[in-house]
Each structure stands twice: as structure tokens, then as C-alpha cells.
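Here is a relaxed tour for someone meeting this structure for the first time. Take a look at it before reading on.

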Amino acid sequence: MPELDELIERIAQKDETAFHTLYEETKSAVYSFAMSILKHPQDAEDAMQDTYLSIYHASIQYVPGGKPMSWIFTITRNHCLMKLRSQKRRGEVSIDELEHWIEEQPGLRPEEKLVLEAALKSLGDEEYQIVVLHSLGDLRHREIAQLLDLKLSTVLSKHRRALAKLRKIIGGESQ
């Protein structure tokens with residue numbers, strides 16, 4: 001599987017196969033991050049679509065060797081914030097709708113689906129975002145702190161607390 005940097009370079013050359021591969025590799029993380037901000041499936045799908053259009057058009061400006069997922073999440077976050085500003089609201093979505101979406105995602109392993117469902121039910125917004133960005137987005141805590149405009153110590157403690165909550169809910173506490 002090609003690295004994300006390589007895919008973005010190929011997208012800059014208008015390689016549609018690379019674009020499709022990038023989409024397949026990142027769509028779950030992008031959608032989950034958008035949902036954590038917007039709290040509404042249709043809004044998250046719109047932001048996700050806008051994100052991938054931006055990636056397609058801005059790929060020529062991407063600096064290879066950077067942090068591709070951080071770059072993608074920054075684009076996603078900007079589209080989500082623009083959507084929130086234009087709507088002046090935060091929509092609510094039922095847990096059932098989110099669980100249904102998670103179950104439909106073929107790229108997620110069963111344990112990832114279980115963790116996401118547990119996270120949806122038990123974590124606060126920032127905790128959920130941190131877990132999604134770290135687990136699905138494969139971002140380091142320092143990158144998450146920068147992306148969410150939080151202190152590194154805050155990200156670390158929220159991540160630790162979120163994982164403790166998830167372990168307790170899933171029943172994976174070590175004896």
C-alpha cells in the first residue's frame with residue numbers, strides 16, 4: 001500500500017486511482033473526526049466531501065515528508081468550523097445513527113468498531129476527538145494538541161482518562 005505522502009503527490013498529478021486509494025485509506029478517520037465536531041451525519045458527510053475536494057485541489061501545495069494525516073485533519077477541521085459558523089448551530093444526532101454508520105464501515109476491524117461505539121456513548125467531545133485522532137488518524141499527542149489548540153499535557157491526560165473509561169466499559173481492565 002502506498003504511503004499517504006506518495007498518494008498526495010500522485011493526486012497533485014491528477015491520478016484518480018491515487019485519489020480513490022487515499023479516500024479509502026482515510027475516510028473512516030475523516031468522517032469520525034467531522035462527526036466529533038458537527039454531531040450530525042449529513043453535516044459530517046458534507047464536510048467530508050468538501051475535505052476531499054480541497055485535498056484534490058490543494059494537493060499541489062502539499063509538502064511531501066510532512067504529516068499527511070495532520071494536513072488532512074486540518075482541512076477537515078476548517079471545513080467543519082466553516083459549516084458551524086455558517087449554520088450557527090451544533091446539530092445533535094442519536095447514538096443509534098452513529099452506531100449504524102460505524103457498522104456499515106467495511107474498512108474498520110471489529111475491535112475498532114467496538115471501541116468507537118463505546119467511545120460514542122461514554123466520552124466527551126474532546127476525549128472522543130483525541131481518541132479518534134490518535135487511533136484512526138495515527139497522530140501523535142503533540143500533533144493532536146496543535147490541531148485542537150490544546151496543551152500537550154491536557155491531550156495526554158484526556159487520552160489517558162478516555163482509555164481508562166473505554167477499558168472499564170469494554171471490560172478490558174487488567175487484573
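Let's start with a small detail. The side chain of E127 has a polar atom 3.0 Å from the backbone nitrogen of G124. Keep in mind that this is a predicted model, which goes for everything below too.

**Around E127**

E127 sits in helix 7. Is E127 buried or exposed? E127 counts as buried because its relative accessible area is 9%, and the cut-off for buried is under 20%. Leaving out residues up to four places away in sequence, E127 touches K158, R161, A162 and K165.

With one of those contacts, K165, the side chain of E127 makes a salt bridge, at 2.9 Å from N to O. E127 belongs to helix 7 and K165 to helix 9, so this pair ties together parts that are 38 residues apart in sequence. K165 has 34% relative accessibility, so K165 counts as partly exposed.

**More salt bridges**

How many salt bridges are there? The count comes to 7. Three of the pairs, among them the one just described, are set out here.

| Pair | N to O distance |
|---|---|
| E127 and K165 | 2.9 Å |
| E126 and K158 | 3.0 Å |
| K67 and E143 | 3.6 Å |

Take E126 and K158, whose closest N and O atoms are 3.0 Å apart. This pair links distant parts of the chain, with E126 in helix 7 (residues 125-135) and K158 in helix 9, 32 residues apart. E126 counts as partly exposed because its relative accessibility is 31%.

Then there's K67 with E143, which form a salt bridge with 3.6 Å between the closest N and O atoms. Where are the two ends of this link? K67 is in the loop between helix 3 and helix 4, while E143 is in helix 8, and 76 residues separate them. K67 is at 42% relative accessibility, so K67 counts as partly exposed. E143, at 11%, counts as buried.

**Helix 8 and what follows**

That brings us to the home of E143. Helix 8 covers residues 141-148 and is mostly covered, with 6 of its 8 residues buried. Which residues of helix 8 are buried? They are H141, E143, I144, A145, L147 and L148. Just after helix 8 comes D149, which has a positive phi, near 60°.

**The nonpolar cores**

In soluble globular proteins, nonpolar side chains tend to be buried together. Here, the largest nonpolar core has 35 residues, and those with the most contacts inside it are L22, F33, M69, F73, L133, L139 and I144. Two or more residues of this core come from each of helix 1 (4-12), helix 2 (16-38), helix 3, helix 4, helix 7 and helix 8. Helix 2 gives the largest share of this core, with 10 residues.

L139 is a handy place to look in more detail. Setting aside neighbours within four places in sequence, L139 is in contact with M69, S70, F73, L133, H134, I144 and L147. A second core, separate from the other, has 8 residues, including V131, V132, A162 and L166.

**Out at the surface**

Not every nonpolar side chain is tucked away. L114, I169 and I170 form a nonpolar patch on the surface, and together they have about 260 Å² of accessible area. I170 is part of helix 9 (residues 152-170). With 38% relative accessibility, I170 counts as partly exposed.

**A stop at P64**

To finish, look at the loop between helix 3 (41-58) and helix 4 (68-87), where P64 lies. Why does P64 count as partly exposed? Its relative accessibility is 43%, and the partly exposed class runs between the cut-offs of 20% and 50%. Which residues does P64 touch, not counting those up to four places away in sequence? P64 touches D5 and E9. From P64 to E9 there are 55 residues in sequence, yet their C-alpha atoms are 7.3 Å apart in space.

Definitions and conventions:
Residues are numbered from 1 along each chain as its sequence is written. This is a predicted model: local features need pLDDT of at least 70, side-chain atom pairs count only at pLDDT 80 or more; totals for chains, interfaces and linings use all residues. Side-chain values use heavy atoms; hydrogens and water are left out. Helices (H or I, at least four residues) and strands (E, at least two) are DSSP runs, numbered from the N terminus. Buried means under 20% relative accessible area, exposed over 50%, partly exposed in between (1.4 Å probe, protein chains only). Contact means heavy atoms within 4.5 Å. Patches are made of residues with over 30% relative accessible area and no salt bridge: like charges are joined within 9 Å, nonpolar side chains (Val, Leu, Ile, Met, Phe, Trp, Tyr) within 5 Å. Accessible areas come from the Shrake-Rupley method with a 1.4 Å probe; for residues, only the protein chains shown count as cover. A salt bridge is a side-chain nitrogen of Lys or Arg within 4 Å of a carboxyl oxygen of Asp or Glu. A polar contact is a pair of N or O atoms within 3.5 Å; within protein, one must be able to donate a hydrogen and the other to accept it, and residues adjacent in sequence count only if both atoms are side-chain atoms. A nonpolar core is a set of buried Ala, Val, Leu, Ile, Met, Phe, Trp, Tyr and Cys residues joined through side-chain atoms within 4.5 Å.
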